[in-house]
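Please open the model in your viewer and keep the sequence panel beside it, since each stop on this tour begins with a selection.

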Amino acid sequence: MGQSQMFAKPTVLVVEDEPLLRMMAVDLVEDAGFEALEAANADEAIKILECRSDICVVFTDIDMPGSMDGLLLAAAVRDRWPPIEIILTSGHVHISEVEVPHGGVFFSKPYDHSALTRTLQSMASGSGH
Amino acid sequence: MTSERDDTRRLEALALYEIMDTPPEPEFDDIVLLASEICQTPVSLVSLVETERQWFKARIGFEQCETPIGQSVCAHSLTSSDLLVIPDLSADVRTRDNRLVTHDPFIRFYAGAPLISPEGVAIGTLCVIDKVARPDGLNDTQRRSLAALARQVVVLLEMRRISSRKDDLFRRQKRISSEVRAIAASSIAAQEAGGIGTFDIDVASGRMKISAEGCRIFHLPIQDEYPANVIYDFILPQDRHLPSADRTRMDGTASLETEYRIHTPQGAIRWISRRASFHRDAEGRAMRMVGTLKDVTEERNAHARMQALIRLGDVLRDTDDVQQAAFDAAELMAEALGATRAGFGMVDPVAETVLMHRDWRAPGVATLEGLHHFRDYGSFIEDLRRGETVLIGDVTTDPRTRDQFQTLLDIGIRVLVNVPVFDKGQFNLVVFVHSNEPRQWSDAELDFIRSVGDRLQSAIGRLLAEMDQDILNRELSHRLKNTLSIVQAIATQTLRAVQNRGPIESFEKRLQALSSAHDVLIHRNWTGASIKDLVSDTLDRIGMLERADVSGPAIFIGPKATQSVMLLLHELATNAVKYGSLSNETGKVAVKWDISGPADNPQLSFSWQEAGGPPVTEPTQRGFGSRLIRMGLLGTGDVDIRYDAPGIMIVMRASLSHLQEAG
């Protein structure tokens, strides 16, 4: 691992179409000690993922407008960037309806900030960055 | 009873007939068979009454060939020319002490028509007897038939006398023959009103005498005699073991009562009921097989329709799938009506097309799956649009289809039933039943189809409304949870500068408790929640469920109480984790509830007992959480809190009816 990355914070990509919720999620990610990138939809997220190699977690809402929802985005991430961890969130009640991709974690909205912070931190430490 | 003079005249009349103690004769046997069939009784007798005994010229369902006069119910019939009907022999003063009533065979119902000679003398009766009382007696048809058959007995007696005394014949011939014709005609009319045919098979030759009605039942040209096996060709292969055959008639093992199906020359299927008895010679060999025939198709169909309606009720109650309900209803209709194809299709009312789904079909009938244009088959879509059930008994003659009947015949539709189903005022589903043989609908069948249609329409309406409600609930839930998330985001942004994070975290967790209450409610379509679910959910959310002892009866509370109770439980659990028995590694909490108080105003009492935590003291400061706890289950108080060993104990009470209020 290079010297520059030793000091760089791990990066989390936040994908959320609702600006207020995105703002809150970015704060949460930064408070947890990460660098945050933000995207308002899945297409934007894919563009960011294509030009960044330092993202260790994608934290995405499921219900979003555009050509892809959060589930399709998660599937694309799993397919194209297998090492990246995935966290999904939704206001839908039934978690069983949500097909969480392998290794992904689901949080029901409104989510518990401390529990989400702990999950982010364990993912970052477990991923070897 | 009868007078002595009457007795004398009766005995003289009987003597002239020279009938007493003669062997059985088929003509009389047929009459008791018919009487018991028409009146639906196990017993029928031609009873002739002397001074000391009654003797039976013909009998069915009765062992003895005579009884002492003291046991004769018939003797009571002789004083009147009318029918004597005794609905309950055990309740009638004339018969309640009769030995046949008080002892085996315990007869209960009696109806007798007097046998009145041309001279006006009652010599006996044609009677029917049952072993169960019949409060309603006989119906009009049965009464008239019994009287007609009684007159026929007298005619037979007269004919016997005439043939035995040739010199009388000439003198009486004219009067008698006209009387015979009249009475025979009325008797045949009585038989035919009941649709009952008679037959008489000579076992040795296999020749069968059969009545005109019997021929009609088998759709045979009317003639007096046929080979007994003529009916074989009509009987459905799967029923061919049921009727008698040469062998079973010879050895007398043919079943005496059976029902089987025949094909008519038009291809329809009819159910035939046949009852018979054997006449045996002195050695017990079967000589003749005599019996009655009845077409019971209508009865069987009525029964099938009733069963179909009952099954439909079950099917529609149990299903939550519109297409399954439509298919099941179509199949039940087809079976009950003996149709050849049934199913349903989704309608596009603008394009006037129907997309047929999988259909039920009789063997050899082709499917209609796929897209069809209504106008290719006639104009009946206009009736369907108005919500009317379309019933076409013959597509070649009905004005709605006769111009395109060949198109329909090509796909095996001679009979067409369409039931429209509407969703939100839009014609969008049609249930159909087809048959390839024309038919005349009976009123009962039309009622049946309309009844199935009505039930199906209301059941599907209910299903669609439930589906709409379900979709709406999910959407509302989703939006509400997003709103709660935004409230959470606003609060965290607004309070970002505040250094003390404790209150902000408490707020966030209370918001989640509210959201969880919402989850529990949405699972139950906003009807309420069980206390056990709320307690378990709260403890599970903080990972403490295995350290809790949760017990109480299954009690549901209303949606409003659910939200306040959920917040309350959240505070109790949070306090326990912060300061109480769940703050260490070993403490426990017991959560219990029960119902007490008067039956007309039951109270729920709810207790939260902690144990094994650090020593407890009453808090000096009252935060939001402890204020919420002191407000109790419904915000109306009635809360006891004790800060003793082994841990905090909180008991709350509230009226169960208030907790269960919907609002």
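Begin with the largest pocket of this predicted model, which holds about 1,100 Å³ of space. To bring its centre into view, select Ala268(B), Ile269(B), Leu337(B), Gly338(B) and Arg439(B), which are the closest to that centre among the 40 residues of the lining. Then colour strand E10 (257-263), strand E11 (269-280), helix H8 (297-318) and helix H9 (322-337) of chain B, the elements that each give two or more residues to the lining of the largest pocket. Which of these gives the most to that lining? The answer is H8(B), with nine residues. If you colour the lining of the largest pocket by residue class, you should find 15 nonpolar, 16 polar and nine charged residues.

Turn next from the open pocket to the enclosed spaces. A search of the whole structure finds six cavities of 30 Å³ or more, and the largest cavity holds about 140 Å³ of space. Select Met356(B), Tyr377(B), Phe380(B), Asn418(B) and His434(B), which lie closest to the centre of the largest cavity out of the 15 residues that line it. Strand E14 (353-356), strand E18 (415-423) and strand E19 (426-435) of chain B each contribute at least two residues to the lining of the largest cavity, and E19(B) has the largest share of it, with three residues. By class, the lining of the largest cavity comprises twelve nonpolar and three polar residues, with no charged ones.

For the second largest cavity, with about 110 Å³ of space, select Ile201(B), Ile231(B), Ser244(B), Tyr260(B) and Arg274(B), which are nearest its centre among the 14 residues of its lining. Showing strand E7 (196-202) and strand E12 (286-295) of chain B will help here, as each supplies at least two of the residues that line the second largest cavity. That lining consists of eleven nonpolar residues, one polar residue and two charged residues.

Now look at the backbone, starting with the loop between helix H3 (99-102) and strand E5 (109-116) of chain B, where Pro105(B) is placed. The peptide bond between Asp104(B) and Pro105(B) is cis, with an omega of about 10°. Phe106(B) is also found in the loop between H3 and E5 of chain B, and although Phe106(B) is not a glycine, its phi is positive, at about 55°. A further cis peptide bond to select runs from Ala645(B) to Pro646(B), with omega near 0°; here Pro646(B) sits in the loop between strand E25 (639-642) and strand E26 (649-655) of chain B.

The last stop is a pair of helices. Select helix H15 (residues 559-578) and helix H16 (residues 624-631) of chain B, whose axes come within 9 Å and cross at roughly 125°. That angle makes H15(B) oblique to H16(B), and the crossing of the two helices is left-handed. To see where they touch, show the side chains of Leu567(B), Leu568(B), Glu571(B), Leu572(B) and Asn575(B) in H15(B), which meet Phe624(B), Gly625(B), Leu628(B) and Ile629(B) in H16(B). Sorted by class, the residues in this contact between H15(B) and H16(B) are six nonpolar, two polar and one charged.

Note on methods: Residues numbered from 1 in each chain as written. Chains lettered and ligands numbered in written order. Predicted model: local features only at pLDDT ≥ 70, side-chain atom pairs only at ≥ 80, totals over all residues. Heavy atoms only, no water. Axes fitted to C-alpha atoms, helices over the stretch in contact; angles between N-to-C directions. Helix = DSSP H or I, 4+ residues; strand = E, 2+ residues; numbered from the N terminus. Parallel < 35°, antiparallel > 145°, perpendicular 65-115°, else oblique. Left-handed = near helix turned anticlockwise from the far one by under 90°. Contact = heavy atoms within 4.5 Å. Nonpolar A, V, L, I, M, F, W, Y, C, P; charged D, E, K, R; others polar. 1 Å grid on protein atoms, 1.4 Å probe; cavity = no way out; pocket = protein on both sides within 12 Å on 5 of 7 lines; lining within 4 Å. Points joined across faces, edges and corners; volume = space filled by probe spheres on them.
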